[in-house]
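User: I would like to go through the ligand site of this model. Please keep the answers short.

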Amino acid sequence: MKVHDGMYIDGAWRPAAGTGTIAVVNPATEEPFATVPAGEPADIDAAVRAARAAFPGWAATPPAERAARLAALRDALAARQDEIAATVTAELGAPPKLAHAVHAGLPVTVAGSYADLLGTYAFEEKVGNSTVLLEPVGVVGAITPWNYPLHQIVAKVAPALAAGCAVVVKPAEETPLTARLFAECVHEAGFPAGVVNVVTGLGHVTGQALVEHDGVDMISFTGSTAVGRRIGAAAGGAVKRVALELGGKSASVILPGADLAKAVAGSVASVMSNSGQRCNALTRVLVGADRYEEAVALAAEAAAKYPAGDRIGPLVSAAQRDRVVAYIEKGIAEGARIVAGGPRPPLERGFYVAPTVFADVTPGMTIAQEEIFGPVVAFLRYEDEEDALRIANGTEYGLAGAVWGEPEAAVAFARRMEAGQVDVNGGRFNPLAPFGGYKQSGVGRELGAHGLAEYLHTKSLQF
Ligand code: NAD
């Protein structure tokens, strides 16, 4: 058991205020293999004070120098990509290839994108007789989930630093080791002390202390809608800025002109990747009645290409596994038909769930409405395009979506979807495109220039 000490506060690893620890469990073996300190409100207080003290200096640092530090962070993350990937595999369970390419690779791209953006970003603009200044909002509290442990941190910290903000990160308790590696990379990149601080701990203790701290100007949160709602309410009460990236129940709509095999394979792949622990997974596939059975058969074939333990990892925890299995059982109880997978564990050891495909799902069923966050995909029938649109938009969420069909028809349909991102005919993920939700999927956008704007105030000077 590896014991990790200390919190990264004010540019150094400092002893934690308390003696509590959090065990880190390998989801493939079910064995704890490390511990990190469980932070207390006093740790958050020390981190926020360090950030407050560092903020004016960092805000006044010229953008070119901020860009140089972000480029150094990108390089530090790139240099440790193997170690980061191995850590994500150990604490999240991601298969090595996915861990390397996505979990360790994407943050390098995102950190680099903000170093580049600072070369051209205009922090001043003219509006008639005014000059509008864009200024950093101040100290940012970043609260992140475990599903993409490093990406979620970098997607908040890199734009906040680019804007000139100082940050306190409270990473998910399931994946604190990746967050500690991130802190080491920040250190190597040579940021001034206090500009970035990382405090590990439990959500309702350290997370809550960060949200409630008077020294924090903005909270950027990614996680469940339930917690996001509470954070939004607390931030509203204190008139603090808040960005919320929450859950999803995204629709993949297969229109009559679509390449069916490609559309089904693309949708199923989106749900199986990261074992379905993706807020933008295409978990509801909508197919016209005439091609429905063919689509379901293709989906069963596609799911069979994801043997547990090889292409698809375990879920992050026993609790998450149990939650997903309970949804599968509920789907069966409500009358949906299993065509692949099911509630039985595919392996004896590890928090694995079999890649599961449900047919005969109707829009009112629980598995068509609630986010499952596991490798479970639901196939629904639609009568015509209007029906498809009603079903696609008929959940409380609006994070992402996909449309497959003749290009013009697909774009016209995508325009009518209530979602922050829609992929047309398998369009690739774009790390510069704004990411975020309509409706209960959240408030605000991450990534690219839109992600940077979240961390800026505007001030108008009149002449
Ligand atoms: P969660 O909401 O339980 O936890 C997320 C983070 O919030 C963790 O760091 C946790 O410690 C912290 N937290 C928990 N309670 C808190 C409180 N009372 N005050 C302050 N912080 C608190 O979510 P989870 O189970 O870790 O993650 C899964 C969920 O996150 C899914 O619902 C998923 O859709 C969502 N998610 C959304 C996105 C997105 O970009 N929209 C990305 C990833 C995950």
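Analyst: A polar contact here is a pair of N or O atoms within 3.5 Å. This is a predicted model, in which local features need pLDDT of at least 70, side-chain atom pairs count only at pLDDT 80 or more, and totals for chains, interfaces and linings use all residues. Residues are numbered from 1 along each chain as its sequence is written, and side-chain values use heavy atoms, without hydrogens and water.

User: How far is the polar side-chain atom of Trp146 from an oxygen atom of the ligand?

Analyst: The pair joins a polar side-chain atom of Trp146 to a ligand oxygen. Ser224 also places a polar side-chain atom 2.7 Å from an oxygen of the ligand. For Trp146, the distance is 2.9 Å.

User: Which residue has a polar backbone atom 3.4 Å from an oxygen atom of the ligand?

Analyst: This contact uses backbone, not side chain. The residue is Gly203.

User: Which domains each give at least three residues to the shell around the ligand?

Analyst: Domain bounds come from an automatic or database domain assignment. The shell draws on domain 1 (2–246 + 441–462) and domain 2 (251–430).

Definitions and conventions: Polar contact = N/O pair within 3.5 Å; in protein donor to acceptor, adjacent residues only side chain to side chain.
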